[in-house]
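Colleague: Got a few minutes to walk me through this one? I'd like to have it on screen while we talk.

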Amino acid sequence: MNDLPPAAAALIVLGGLLASSIFADAVACRTRLPRISLLVLVGLSVAIVQQLVLGLPAGRLLDGLGEPLVQVALVMVAFLLGGELTLARLRTTGPLILIVSLSVVGVGALAVGLGLWALGFPLAVAVSLAAISVATDPAAVQESIHASGDTRLRARLLLGIVAIDDAWGILVFGLAMSVLGWGLQGAAGGEHLLLEAVWELGGALLLGAVIGLPAAWLTGRLAPGQPTQVEAIALILLLAGLSTWLGVSSLLAAMVTGMLIANLSRHHTRSFSEIEHIEWPFLVFFFVLSGASVDLLHLHEAQGLILAYLALRLAGRLLGGMLGGRLARVRQADLPRDIGLALTPQAGVAMGMALLAAERFPEHGTLLLSTVVASTLVFETVGPMLVRRVLREES
């Protein structure tokens, strides 16, 4: 595309990516493969052609346009997940969500961290990957549940867990980087990272409230009973842009906004329908670009670490879900023993954390990035299948 104007090249690539979703839908209808996994594999094929055939570096697809598209897609997902956290639902499932999510986070992080350290990997690598392992891709889980049409307790629990997962991930990662900073680089480095984590969480809560409180009253006034598409897009773009500018979690800010609108809007009941109508094209960009971002030329440098991380994260999620079910005293018919496996998808947030960890520990940068990118490809491909398996499991 060197002879094409940049604008024309971008439009052609965008059209091709959307066309890939038609192919994924056609294959998904004839097989049991989730279309999310197929879209990630489409992205991987793009990476193979781009890097191994054309010799181009990873991450060149759409250049600067890919990041805003991914950001908007994740903000849409978080906004819709926030809408699931109504007071009525939290009264019935809130304690279960908290218990299961904390169990999965705690057991999962310990399994990865202690496991990698016991296998002889550097402490900075083990602790960084333990913190990164907490992150779950809400887009893959939400889309898998939406496609299944499941509304049982297990589906509502999963939606609630991934809705607050970003907050746990940021908190655990900030604390882990702070501990490593104190231990390896002195108190100043640890305090700086802890302050950054506090701002990323606190600032996101504040931004979500600043946008969500007036939006709860203003939306839905132009068209009786339902907000217009312009209102919905305005909220998403404001959340994505302001969170990036302020350096706070866009997912947490969007979730708070969605939760406030769902609970405080009394004059309309379909706050999120317009976003649901336009969400899928952005998710197509997100999943394909996730697969296309894999750096194939450096994967061989971290083969052992990749395999260990994959196994330990899967084991940690499974054991954490089993422990959470026991602590919540929920009958097995309501909460499957392997519910933790439905929380394995991993994408944008994990890669963002990996970039921060690589910047903090440059001597381990290539190892960390290769591991997280490769595991993201696996978890984004296999994760939706595991979500379907958990949802299909008989009571």
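Colleague: Which residue takes a positive phi just after α6?
Modeller: That's Gly149, with a phi of about 70°. Before we go on: this is a predicted model, where local features need pLDDT of at least 70, side-chain atom pairs count only at pLDDT 80 or more, and totals for chains, interfaces and linings use all residues. Numbering runs from 1 along each chain as its sequence is written, and side-chain values use heavy atoms, with hydrogens and water left out.

Colleague: Okay. Is α6 mostly covered or mostly open?
Modeller: Mostly covered: 8 of the 11 residues in α6 (138-148) are buried. Buried here is under 20% relative accessible area, exposed is over 50%, and partly exposed is in between, using a 1.4 Å probe and protein chains only.

Colleague: And which residues of α6 are the buried ones?
Modeller: Pro138, Ala139, Ala140, Val141, Gln142, Glu143, Ser144 and Ile145.

Colleague: Zooming out, how many helices and strands are there?
Modeller: There are 14 helices and 0 strands. Both are DSSP runs numbered from the N terminus: H or I of at least four residues for helices, E of at least two for strands. Over the whole chain of 395 residues, 54% count as buried.

Colleague: How much of the contact count comes from residues far apart in sequence?
Modeller: Among contacts with a separation of 6 or more, 83% are between residues 24 or more positions apart. A contact is heavy atoms within 4.5 Å.

Colleague: What about the inside, which residues touch the most other members of the largest nonpolar core?
Modeller: Phe79, Ile145, Leu158 and Phe287, out of 80 residues in that core. Helix α3 (66-83) gives the largest share, 12 residues. Apart from that core lies another one of 32 residues, including Leu129 and Leu310. A nonpolar core means buried Ala, Val, Leu, Ile, Met, Phe, Trp, Tyr and Cys residues joined through side-chain atoms within 4.5 Å.

Colleague: Is that a general habit?
Modeller: In soluble globular proteins, nonpolar side chains do tend to be buried together.

Colleague: Now the outside. What makes up the nonpolar surface patch?
Modeller: Ile48, Val49, Leu52, Val53, Leu54 and Leu297, covering about 560 Å². Patch residues have over 30% relative accessible area and no salt bridge; like charges are joined within 9 Å, and nonpolar side chains (Val, Leu, Ile, Met, Phe, Trp, Tyr) within 5 Å. Areas come from the Shrake-Rupley method with a 1.4 Å probe, and for residues only the protein chains shown count as cover.

Colleague: Where is Leu297 found?
Modeller: Leu297 sits in the loop between α11 (273-292) and α12 (303-328). It counts as partly exposed because its relative accessible area is 48%.

Colleague: Switching topic, how many salt bridges does the structure hold?
Modeller: Just 1. Asp338 pairs with Arg389, with the closest N and O atoms 2.2 Å apart. The pair links distant parts of the chain, 51 residues apart: Asp338 is in the loop between α12 and α13 (348-360), and Arg389 is in helix α14. A salt bridge is a side-chain nitrogen of Lys or Arg within 4 Å of a carboxyl oxygen of Asp or Glu.

Colleague: Is Asp338 buried or exposed?
Modeller: Asp338 is buried, at 9% relative accessible area, while Arg389 is partly exposed at 43%.

Colleague: Staying on α14, what does the side chain of Ser375 make a polar contact with?
Modeller: The side chain of Gln346, at 3.2 Å. A polar contact is a pair of N or O atoms within 3.5 Å; within protein, one must be able to donate a hydrogen and the other to accept it, and residues adjacent in sequence count only if both atoms are side-chain atoms. Ser375 lies in α14 (365-392) and is buried, at 0% relative accessible area. Leaving out residues up to four places away in sequence, Ser375 touches Tyr309, Leu310 and Gln346.

Colleague: Last one: where is Ala209, and what is it in contact with?
Modeller: Ala209 is in α8 (187-218). Setting aside neighbours within four places in sequence, Ala209 is in contact with Pro214, Val256 and Leu260. The C-alpha atoms of Ala209 and Thr257 are 6.2 Å apart, with their positions 48 residues apart along the chain.
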